[in-house]
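Biologist: I am new to this structure and should be grateful for a close look at a single part of it. Would you please take the site that carries a modified-residue annotation and describe the surroundings in which it is placed?

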Amino acid sequence: MKVMIVDDHTVVRKGLVFYLNTIEDMEIVGEANNGEEALQKLKTVQPDLILMDLFMPKLNGMEATNQIKALYPHVKILVLSSFSDKDHVIPALQAGADGYQLKDIDPEQLVETMRAVLNGENKLHDKVTKFVLNRIATPMSEEEQAIELLTKREREVLVEIASGYSNKEIADRLGITEKTVKTHLSHVFSKLHVSDRTQAALFAVKHSLL
């Protein structure tokens, strides 16, 4: 099995490399510090499976998974995260992840999960299975689906809008430029199908995003 590891925490990434290199039928063919770097390296390396962290700079795991699956649908992606809540699990699976495990997983169990995912099984940690079952039992409304499309930063900008802050104030509070704020605003308006800040703010209040 050819494996790529994508995680911005060097200790975690190197630890995985060290352990998986001891497994006879596994080969680490690439490492990446974020989703953007992973996409670049995928142009030259061809992993069978990617171990994907979620929260990383430049391009997070959910966005990277979505783009990788669009370009390389045959590559299996197993999310390895510290988060087990529905706000992380559901978007990751919707992005195309083939499995979702937590970082406290036993190393031997991780290897078993990787092999199962490579063989076409969708493997989920016990803690996250309930979210998937609940989502199947209760389909999302169109507005809930729209919320799920928002990135973490876009949600933050939406909350700032609903709190009444200007673009400049949002930029200062989030440590980004006004131009970046405007870009995020454009994406928020498009994904939520609203035309201005007032509608976006009302949307946020309606869905208790504050």
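Modeller: The account below begins with the annotated residue and then turns to the sheet and the helices around it. The model is a predicted one.

The site in question is Asp 53, to which an unreviewed UniProt entry gives the annotation "modified residue: 4-aspartylphosphate". Asp 53 is placed in the loop that runs between strand E3 (49–52) and helix H3 (61–71). Is this residue buried or exposed? Asp 53 has a relative accessible area of 6%, and because buried means under 20%, Asp 53 counts as buried.

Which residues surround the site, apart from neighbours within four places in sequence? Asp 53 is in contact with Val 6, Asp 7, Asp 8 and His 9, and also with Gly 61, Leu 80, Ser 81 and Lys 103. Two of these partners can be placed in strands: Val 6 belongs to strand E1, which spans residues 2–6, while Leu 80 falls in strand E4 (76–81).

The strands themselves form the next layer of the picture. Six of them make an open sheet in the order E2-E1-E3-E4-E5-E6, with parallel pairing. Strand E2 (27–32) and strand E6 (123–124) are the edge strands, each pairing on one side only. Helix H3, which bounds the loop of Asp 53 on one side, packs on this sheet and touches E3 and E4. The direction of H3 makes about 165 degrees with that of E3. Another helix, H5 (residues 107–118), lies across E1, E3, E4, strand E5 (99–102) and E6, and H5 runs at about 150 degrees to E4.

Strand E1 deserves a closer description. E1 and E2 pair in the parallel sense over five bridges. In E2, Glu 27 is the bridge partner of Lys 2. From E1 the chain crosses through helix H1 (residues 10–20) to E2, and this β-α-β crossover is right-handed. Val 3 is also in strand E1, and its bridge partner in E2 is Ile 28. The relative accessibility of Val 3 is 0%, so Val 3 counts as buried. Beyond its sequence neighbours within four places, Val 3 is in contact with residues including Leu 20, Ile 28, Leu 49 and Met 114. Of these, Leu 20 lies in H1, Leu 49 in E3 and Met 114 in H5.

A contrast is offered by Asn 122, in the loop between H5 and E6. Asn 122 counts as exposed, at 56% relative accessibility. The C-alpha atoms of Asn 122 and Asp 98 are separated by 5.3 Å, although these residues are 24 residues apart along the chain.

Finally, the wider setting may be considered. The unreviewed UniProt entry carries the annotation "domain: Response regulatory" for residues 2–118, a span that is 43% helix and 21% strand. The end C-alpha atoms of that span lie 10 Å apart. The domain assignment of the protein gives domain 1 (1–135) and domain 2 (140–205), and Asp 53 falls within the bounds of domain 1. The centres of the two domains, taken over C-alpha atoms, are separated by 28 Å.

Definitions and conventions. Residues are numbered from 1 along each chain as its sequence is written. This is a predicted model: local features need pLDDT of at least 70, side-chain atom pairs count only at pLDDT 80 or more; totals for chains, interfaces and linings use all residues. Side-chain values use heavy atoms; hydrogens and water are left out. UniProt positions are given in the numbering used here, feature names are shortened, and annotations may be inferred rather than shown by experiment. Helices (H or I, at least four residues) and strands (E, at least two) are DSSP runs, numbered from the N terminus. Buried means under 20% relative accessible area, exposed over 50%, partly exposed in between (1.4 Å probe, protein chains only). Contact means heavy atoms within 4.5 Å. Two strands pair if DSSP finds at least two bridges between them. Axes are lines fitted to C-alpha atoms, for helices over the stretch in contact, and angles run from 0 to 180 degrees between N-to-C directions. Domain bounds come from an automatic or database domain assignment. A crossover is right-handed if, with the strands pointing away from the viewer, the path from the first strand over the helix to the second runs clockwise.
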